[in-house]
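Here are my notes on this model, as numbered points. Please read them with the coordinates open.

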Amino acid sequence: MIISKSKAEKFSTEISNENSTILSDVTKDKGGSGKYLRPHELLCAGFASCLNITTRMILEQKNIEYENVHVEVDLDRNHTDTTNFLYNIDIIANIDEKTKEQIIELAVNCPVRKTLSKKIEFKVI
């Protein structure tokens, strides 16, 4: 479970899973400090981290050595009926492009993408 608690700084919130803590707020033009991750960036962060972890798991399962996996995710909310997650996965490894493409094809079906692709409902707990 994720817990969000208000901080003294205007619109800042401490977000915790009881093991780790991060801070979030809104941009300066909306009255926040703009120093921390915005809520929509947290959505991107969840997807980006899952893509990164899944890619690395696939590389390790295939016994492929890699130097780094770099993932970028952005959110396009400019459409009335859709939200588009824009992403790029860069695998820094001594492997050919075809192998990279195959690994990325598998990785994009990470658990967070599967969750975000389902119908979403909101219920009070």
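1. **Glu18.** In this predicted model, Glu18 is exposed, with a relative accessibility of 66%. That is over the 50% cut-off for the exposed class. Glu18 sits in the loop between β2 and β3. The phi of Glu18 is near 75°, a positive value, and the residue is not a glycine.

2. **The hairpin around Glu18.** Strands β2 and β3 make a hairpin, with four residues between them. Glu18 belongs to that turn. β2 covers residues 13-16 and pairs with β3 in the antiparallel sense. Four bridges hold the register of this pairing. Ser16 is the residue opposite Thr21 of β3.

3. **Asn63.** A positive phi also appears at Asn63, at about 55°, and Asn63 is not a glycine either. Asn63 lies in the loop between α1 and β4. Is Asn63 buried or exposed? Asn63 is exposed, at 70% relative accessible area.

4. **Thr13.** Thr13 is part of strand β2. Its relative accessibility is 16%. Thr13 therefore counts as buried, as the limit is under 20%. The side chains of Thr13 and Ser4 share a polar contact of 2.3 Å. Please look at that distance in the coordinates. Beyond four places in sequence, Thr13 touches Ser4, Lys5, Ser6 and Lys7 on one stretch of chain, and Ile22, Leu23 and Ser24 on another.

5. **Asp25.** Asp25 lies in the loop between β3, residues 21-24, and α1, residues 39-61. Which side chain of opposite charge is nearest to Asp25? Lys35 is, at 7.0 Å. Asp25 is buried and has no salt bridge. A salt bridge would need a nitrogen-to-oxygen distance within 4 Å.

6. **What surrounds Asp25.** Backbone nitrogens approach the Asp25 side chain. The nitrogen of Gly34 is 3.1 Å from one of its polar atoms. The nitrogen of Tyr36 is 3.5 Å from a polar atom of the Asp25 side chain. With neighbours within four places in sequence left aside, the contacts of Asp25 include Phe11 and Ser12. They also include the run Gly32, Ser33, Gly34, Lys35, Tyr36, Leu37, Arg38 and Pro39.

7. **Glu9 and Lys35.** Where does Lys35 find a salt-bridge partner? The partner is Glu9, with the closest N and O atoms 3.2 Å apart. This pair links distant parts of the chain, 26 residues apart. Glu9 is in the loop between β1 (3-6) and β2, while Lys35 is in the loop between β3 and α1. Glu9 is partly exposed at 30% relative accessibility. Lys35 is exposed at 55%.

8. **Other salt bridges.** How many salt bridges does the whole structure hold? The search finds six. One joins the side chains of Lys7 and Glu14, at 3.7 Å from N to O. Both ends have some exposure: Lys7 is partly exposed at 39% relative accessible area, and Glu14 is partly exposed at 24%. Side chains of opposite charge can pair when their charged atoms come close.

9. **A salt-bridge network.** Lys119, Glu121 and Lys123 are linked in a network of salt bridges. Within this network, the Glu121 and Lys123 side chains meet at 3.7 Å, N to O. Lys123 is exposed, with 68% relative accessible area.

10. **The nonpolar core.** The largest nonpolar core has 20 residues. Leu51, Val71, Val73, Ile89, Ile91 and Ile103 touch the most other members. Four elements each supply at least two core residues: α1, β4 (68-76), β5 (84-92) and α2 (97-107). The largest share, seven residues, comes from α1. In soluble globular proteins, nonpolar side chains tend to be buried together.

11. **Ile91 in detail.** Ile91 is among the core members with the most contacts to other members. Which residues does Ile91 touch, not counting those up to four places away in sequence? They are Thr55, Leu59, Asn68, Lys100, Ile103 and Ile104. Of these, Ile103 is also listed with Ile91 among the core residues that touch the most other members.

Notes. Residues are numbered from 1 along each chain as its sequence is written. This is a predicted model: local features need pLDDT of at least 70, side-chain atom pairs count only at pLDDT 80 or more; totals for chains, interfaces and linings use all residues. Side-chain values use heavy atoms; hydrogens and water are left out. Buried means under 20% relative accessible area, exposed over 50%, partly exposed in between (1.4 Å probe, protein chains only). Lys and Arg count as positive and Asp and Glu as negative; His and the chain ends are not counted. A polar contact is a pair of N or O atoms within 3.5 Å; within protein, one must be able to donate a hydrogen and the other to accept it, and residues adjacent in sequence count only if both atoms are side-chain atoms. Contact means heavy atoms within 4.5 Å. A nonpolar core is a set of buried Ala, Val, Leu, Ile, Met, Phe, Trp, Tyr and Cys residues joined through side-chain atoms within 4.5 Å. Two strands pair if DSSP finds at least two bridges between them.
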